[in-house]
Amino acid sequence: MLLWFYGSAFQPSTIVFQILAFMPLIIAINNVFGIQIMLNLQMDVAFFKITALGAAIGVGMNLIMVNYWGYIGTALNWLIVETYITGAMYLFLRKQSINPIDIKLFNPVTLITVLKPYLKIKYKS
C-alpha cells in the first residue's frame, strides 16, 4: 500500500511500517492501563514513574540503536519502550490486586455469550 501511494522511492520504509503496525494495539492497551485505570484510581505517582523510566530507557536505547540501525532502530526502540511501559503498568496493577485482563473472559463459551446479542447469529442448541 505504501509503495502504491508513494512509489518505489519509499521501499526502504516498508520495514518501519511493518514494525510500527503493532503500535496501535500496544498504545490502546497502554491507554487503558495507564489513563483509564491508574489515573482514575489515584495511582498518579506510579504512572509517572513508569512513564518517566520508559522515556529515559527510550532516549538511552535510541542513542545506541540509531547508530547501528538508523531509522529502523528508532522504530524498534519505540516498540520496545511502549511494550515495556504497557508491561510495567500491567505488573503494577496486578501487584495492587487489580486484574485488568481476566483471561477467563476469553474462553469461547464466554465470548459467544457476551457477543451473541450483538452478532445476531442464530445458534442451534
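In the predicted model, helix α4 bends by about 140° at Trp69. The end-to-end distance of α4 reflects a path that is not straight: its end C-alpha atoms are only 16 Å apart, against the 76 Å that a straight helix of 52 residues would span at 1.5 Å a residue. Just after α4, a positive phi of about 65° is found at Ser97.

Asn77 lies within α4, which covers residues 44-95. The relative accessibility of Asn77 is 6%, and Asn77 is therefore classed as buried, the cut-off being under 20%. When residues up to four places away in sequence are set aside, the contacts of Asn77 are Gly58, Met61, Asn62 and Met65.

A bend is also present in helix α3 (residues 23-39), with an angle of about 30° at Asn31. The buried residues in α3 are Met23, Ile26, Asn30, Phe33, Gly34, Ile37 and Met38. Cover for these buried positions comes from elements that include α2 (14-20) and α4.

On the surface, Ile101, Ile103, Leu105, Phe106, Leu111, Val114, Leu115, Tyr118 and Leu119 make up a nonpolar patch of about 910 Å². One of these residues, Leu119, belongs to helix α5, which runs over residues 108-119. Leu119 has a relative accessible area of 43% and so counts as partly exposed, since this class lies between the limits of 20% and 50%.

Terms used. Residues numbered from 1 in each chain as written. Predicted model: local features only at pLDDT ≥ 70, side-chain atom pairs only at ≥ 80, totals over all residues. Heavy atoms only, no water. Helix = DSSP H or I, 4+ residues; strand = E, 2+ residues; numbered from the N terminus. Buried < 20%, exposed > 50% of the residue type's maximum accessible area, 1.4 Å probe, protein only. Contact = heavy atoms within 4.5 Å. Expected span 1.5 Å × (residues − 1). Bend = angle between axes of the 7 residues up to and from the residue. Patch = residues over 30% accessible without salt bridge, like charges linked within 9 Å, V, L, I, M, F, W, Y side chains within 5 Å. Areas by Shrake-Rupley, 256 points an atom, 1.4 Å probe, with all protein chains shown as cover. Salt bridge = Lys/Arg side-chain N within 4 Å of Asp/Glu carboxyl O.
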